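Here are my notes on the model you sent round. Please read them with the structure open.

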Amino acid sequence: GGQTPEPEKHHPALAAATPMKLVQMEQDSEALKEIDYNYNPFSVSEDQVTDNILAMFDSVGVLDALDIPADVIHAIVLDVKSQYSVDVAFHNFNHVYTVLQMCYLILKGSSFVQKIVSTPVARFALLMSALCHDMNHPGNNNDFEIKSESELAILYNDNSVLENLHCSSMFETLRRHNLHKFMDSNRGEWKDFREIATAAIMSTDMSQHKVLLQKVLGAVKDPSTLGVQDWVAYIVHTADLGNLTLDWDLALMWEDRIFKEFEIQAEREQKMGLDVATYMLNLDEVSRAKIQLGFIDYVLLPWWEAMNKLIPNDLEERLVCLKRSRENYTQVLKALAKKERGEGAGGEG
Ligand code: CMP
């Protein structure tokens, strides 16, 4: 029997050229059945959320392909989780869970994305950077760090202050668990992983959004200009801007949480005698709905529409849901205006 040569199915060059199929997904654990865009991580146990994360890593096949033992990835997930504060209303572990889940579902739902984000390293970088992209978030934005000349602002010279923190927290943690030692150095796996994941996390800085959008629009005409690190960064940024593509109750919950965070930052700034951004002040129902509409029209719709062209129509369902959120906010504003008029008329009469 030793004469027939084994088919070279594990040849590295072949592995890179042939997209890894997501076949394992069918036979996966109970946890995977839970996974859905409209899953609310706040409504289940913390263990369930951890199980789902491990199931997602497992199901994409990256742990097997990169020889990462299950207990190592489990310890990493718990360590990463411990570096998110439950006291932060929006930028907490459930936010990054939601972003990870969306990245996973975009990959799972699109054979186009599977062909482009095809290597185990790229897929691992996609999921891991989603999970780590807000590590040690203090619950305020870069503007606060810069205005207050915080230690972090000094350390990172006012450039993408928080994203630098998230990214270095990620690599400090992964190295502490010796993740780099599991990867194949001859194939440059760790180096590739670091390049892709760093680019993805640094691209979550909203000050980069316009530049990113221009690149996406350019790539719609000629996608050959993009490298895998661009694709991974765009997908993570897309998922980070995904809340208003969820069911309305979830969209409202995240809206509430981001405004809670803005309110707390504004209070701190006032106490410290710092300038407060106007959009963080007087967040009554009308201004909140107006901010949401502006955010949808000027940030979310242009981005999601461009991405839906880049990943041909595979984001259509999310885009429909985003437009529904837009419609809901216009209805909210109409109802509030009517109430206002009603009360005004009542007062005069
Ligand atoms: P950050 O996580 O740094 O990057 C994405 C930003 O989008 C986020 O901070 C918020 O400032 C903003 N954001 C997310 N969701 C909403 C929302 N529903 N309304 C307004 N801004 C939002």
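The points below go from the whole chain to the ligand and then to single residues.

1. Overall make-up. This is a predicted model. The protein chain holds 18 helices and zero strands. Of its 349 residues, 50% are buried. The chain has an accessible surface of about 17300 Å², and carbon and sulfur atoms account for 52% of that. When contacts between residues at least 6 apart in sequence are considered, 77% of them link residues at least 24 apart.

2. The ligand site. The ligand is surrounded by His-91, Met-206, Asp-240, Leu-244, Ile-258, Phe-262, Gln-292 and Phe-295. Two side chains there make polar contacts with the ligand: an N or O atom of His-91 is 2.6 Å from a ligand oxygen, and a polar atom of Gln-292 is 2.7 Å from a ligand nitrogen. On its own the ligand would expose 450 Å², of which the protein buries 85%.

3. His-237. This residue belongs to helix 15, which covers residues 228–240. His-237 is classed as buried because its relative accessibility is 0%, and the cut-off for buried is under 20%. Leaving out residues up to four places away in sequence, His-237 touches Ser-203, Thr-204, Met-206, His-209, Leu-212 and Trp-303. Of these, Met-206 is also listed around the ligand.

4. Ser-325. Helix 18 (residues 316–348) contains Ser-325. With a relative accessibility of 1%, Ser-325 is therefore counted as buried. A polar atom of its side chain sits 2.9 Å from the backbone oxygen of Leu-244, and Leu-244 is one of the residues around the ligand. Beyond its neighbours within four places in sequence, Ser-325 contacts Leu-244, Leu-246, Trp-248, Ala-251 and Ile-296.

5. Helix 11. This helix runs over residues 161–176, 16 in number, and spans 23 Å from first to last C-alpha, close to the expected 22 Å. Its buried residues include Val-161, Leu-162, Leu-165, Met-170, Phe-171 and Leu-174, and also Glu-163, His-166 and Thr-173. Which helices cover these buried residues? Among them are helix 5 (70–82), helix 8 (120–132), helix 9 (142–147), helix 10 (151–155), helix 12 (179–182) and helix 13 (189–202).

6. A backbone detail to look at. Just after helix 11, Asn-178 has a positive phi of about 60°.

Technical notes:
Residues are numbered from 1 along each chain as its sequence is written. This is a predicted model: local features need pLDDT of at least 70, side-chain atom pairs count only at pLDDT 80 or more; totals for chains, interfaces and linings use all residues. Side-chain values use heavy atoms; hydrogens and water are left out. Helices (H or I, at least four residues) and strands (E, at least two) are DSSP runs, numbered from the N terminus. The expected span of a helix is 1.5 Å times one less than its number of residues. Buried means under 20% relative accessible area, exposed over 50%, partly exposed in between (1.4 Å probe, protein chains only). Contact means heavy atoms within 4.5 Å. A residue is near a molecule or strand if one of its heavy atoms lies within 4 Å of it. A polar contact is a pair of N or O atoms within 3.5 Å; within protein, one must be able to donate a hydrogen and the other to accept it, and residues adjacent in sequence count only if both atoms are side-chain atoms. Accessible areas come from the Shrake-Rupley method with a 1.4 Å probe; for residues, only the protein chains shown count as cover.
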